[in-house]
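I opened the model to look up a few positions. My notes follow in the order I took them.

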Amino acid sequence: MADVLLESARADFVRGDWGAAYAAWSGADPGVLSAEELEDFAVAAELTGHHDDTVTALHRAFRKSQDAADLGRSVRCAFRITMTAHVHGESALARGWTSRAESLVADVDDGVELGWVDFLRMFRALSAGDFATAGGFADKVAERGRRYDEPDLTALGLCSQGRMALYSGRVAEGLALLDESMIRVIAGEASPVVAGHVYCTAIEGCQEISDFGRVAEWTAALERWCAAQPGLLTFTGQCAVHRGQLLRLHGEWQQALEEFEHATRRYQEVNAPDAAGLAAYEAGEVLRLRGDYTEADAAYERAADRGFDPQPGLALLWSARGQGAAALAAIERLLVETDGPVQRCRLLPAAVEVLLGAGEADRARQVADELDGLAGHFGCVWLEAAAAHAHGAVELAAGDPAGALPYLRKAQQLWARAEATYERSQARLLTGRALAGVGDTESSRRELEGARTVFRQIGARPAADEADGLLAPASLPAGLTAREAEVLRLVASGRSNAQIAADLVLSEKTVARHLSNIFTKLDVRSRTAATAFAFEHGVV
């Protein structure tokens with residue numbers, strides 16, 4: 001019976017049915033499992049979210065390898081225990097096993113075993129913020145992987161070299177290395193756990209520099225990889241986060257929030273609470289742009305609780321809430337503390353927005369210039385669009401609407417190429433303001449109305465309200481609000497309540513309430529009378 005169970009587990013493992021393999025090995029006596037079988041059992045356990053069983057199986061495999069004087073397997077087990085501890089936030093355990101792995105190779109002059117230990121040393125250097133040392137170890141990992149024809153080490157080394165190159169500003173080289181690592185895992189050269197880590201690490205690197213073209217391509221590949229493996233839980237959370245990031249970029253915000261929630265559930269299932277911090281931050285970004293400020297604040301707080309820095313999103317939230325001094329203080333601190341081109345790419349667009357909101361146009365211009373330099377160096381469409389957008393916003397704030405227009409036109413074109421729905425509409429809104437500033441009122445109106453339509457479609461209430469204010473006459477008759485004037489214009493055009501609700505992305509109940517308020521203010525009792533008032537007083 002035991003032999004049948006082990007044969008079944010082996011067959012399930014070979015075809016990638018991790019849930020069935022885990023179940024079969026769980027029913028076997030661990031004492032009869034070989035070190036190799038225990039390692040494979042740990043793979044199935046890890047991929048199905050059973051962290052404790054993963055560590056237990058690896059501990060047993062390590063002891064058996066030690067008893068057999070099998071240095072290579074001992075080091076691999078130490079490596080895997082360290083990495084799974086790191087993923088699950090067990091930093092003390094990870095540090096202890098890194099030291100244990102180092103002691104195993106203390107008398108080894110050369111060999112593939114040193115590659116696994118060098119990878120752990122690279123991680124330790126990264127945790128200390130020592131990127132130069134980390135980069136040196138990444139080079140050693142890749143070199144040993146190639147020299148000893150070890151596919152996992154090679155893929156990990158290439159991916160690590162790519163990230164280190166990005167952090168040091170060698171963008172083209174870094175992206176080429178990430179591409180090569182991804183090609184290797186897509187070709188099936190790496191083991192499942194290593195393949196998952198390379199997928200997620202490479203996508204995260206592209207996301208950090210806003211190369212959303214690569215993010216989309218590699219996320220699609222990750223989705224296919226996950227779907228092909230029955231019972232897979234690990235890495236599906238990261239996949240959901242990356243899908244959500246792309247949905248947010250394309251203006252599909254409700255679906256993005258659902259993906260972030262899905263990611264959080266998956267992280268909880270695999271006992272990886274630290275990773276859920278990114279999902280919480282991304283949800284906060286969507287909620288902030290929708291105007292759900294209390295919910296956004298709570299999301300940023302969840303991110304912070306899980307070890308993910310909620311800045312610069314939190315500073316943008318404070319700015320939107322009118323807490324300009326708090327937002328400015330946070331941004332000024334971040335501009336001093338944040339080093340490295342990759343890290344500053346994430347910060348600078350938000351810094352320009354907060355600085356302009358605080359009336360610091362000269363300081364914002366300096367930051368926009370830095371962003372422009374990074375965008376030219378990185379060559380990513382999103383960053384190039386952000387830089388043009390920042391320059392346009394700065395010129396407009398400085399009182400030069402004519403000077404702002406070329407930047408804003410360029411930003412619109414680049415945002416369209418990046419398929420960044422919200423950002424493109426924000427550029428249209430600024431373009432509308434600039435056109436009004438040079439006296440081209442009809443062109444201004446068209447830009448503002450186009451921006452407002454998209455803001456309503458995606459649920460960006462604060463931005464839609466800003467467009468409303470810019471489109472509303474300076475003084476509305478009868479004490480009408482901007483929204484009431486908008487409803488009245490649609491009534492005058494012959495639209496029904498249902499059509500108005502669809503146009504304005506409101507409920508019919510809300511439209512009816514607005515209409516009741518309008519009738520009261522105008523002292524009329526019918527839509528016909530309200531329409532006549534609108535034409536007589538220039539509301540339409």
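Entry 1, a charged residue. I started with glutamate 113, which sits in helix α7, residues 112–127. The model is predicted, and I read the entries below with that in mind. Glutamate 113 is buried and yet has no salt bridge. I looked for the nearest side chain of opposite charge and found arginine 76, at 7.0 Å. A salt bridge needs the nitrogen and the carboxyl oxygen within 4 Å. I then listed what glutamate 113 touches, leaving out residues up to four places away in sequence: Leu71, Gly72, Val75 and Val105.

Entry 2, cysteines. How many disulfides does the count come to? I got 0. I checked cysteine 226, which is in no disulfide; its nearest cysteine sulfur belongs to cysteine 239, 4.7 Å away. Why is there no bond from cysteine 239? Its closest cysteine sulfur is the one in cysteine 226, and 4.7 Å is too far for a bond. The cut-off I applied is 2.5 Å between the sulfur atoms. I also noted burial: cysteine 226 is buried at a relative accessible area of 10%, and cysteine 239 counts as buried at 2%.

Entry 3, nonpolar cores. The largest nonpolar core has 127 residues, and I found that Trp25 and Phe378 touch the most other members. I took phenylalanine 378 and set aside its neighbours within four places in sequence; the contacts are Val171, Ile209, Pro341, Val342, Cys345 and Leu383. Apart from this core lies another, of 29 residues, including Ala256, Tyr281, Ala299 and Ile458. I add the general remark that in soluble globular proteins nonpolar side chains tend to be buried together.

Entry 4, alanine 427. I placed alanine 427 in helix α23, residues 421–437. Is alanine 427 buried or exposed? Alanine 427 counts as buried, because its relative accessibility is 0% and buried means under 20%. Beyond four places in sequence, I found alanine 427 in contact with His389, Leu408, Ala411, Gln412 and Trp415. I also took a C-alpha separation: alanine 427 and alanine 451 are 24 residues apart along the chain and 8.4 Å apart in space.

Entry 5, asparagine 517. I found asparagine 517 in helix α28, residues 508–522. At 33% relative accessibility, asparagine 517 counts as partly exposed. I computed the C-alpha separation from asparagine 517 to glycine 340 as 55 Å, with their positions 177 residues apart along the chain.

Methods. Residues are numbered from 1 along each chain as its sequence is written. This is a predicted model: local features need pLDDT of at least 70, side-chain atom pairs count only at pLDDT 80 or more; totals for chains, interfaces and linings use all residues. Side-chain values use heavy atoms; hydrogens and water are left out. A nonpolar core is a set of buried Ala, Val, Leu, Ile, Met, Phe, Trp, Tyr and Cys residues joined through side-chain atoms within 4.5 Å. Buried means under 20% relative accessible area, exposed over 50%, partly exposed in between (1.4 Å probe, protein chains only). Contact means heavy atoms within 4.5 Å. Helices (H or I, at least four residues) and strands (E, at least two) are DSSP runs, numbered from the N terminus. Lys and Arg count as positive and Asp and Glu as negative; His and the chain ends are not counted.
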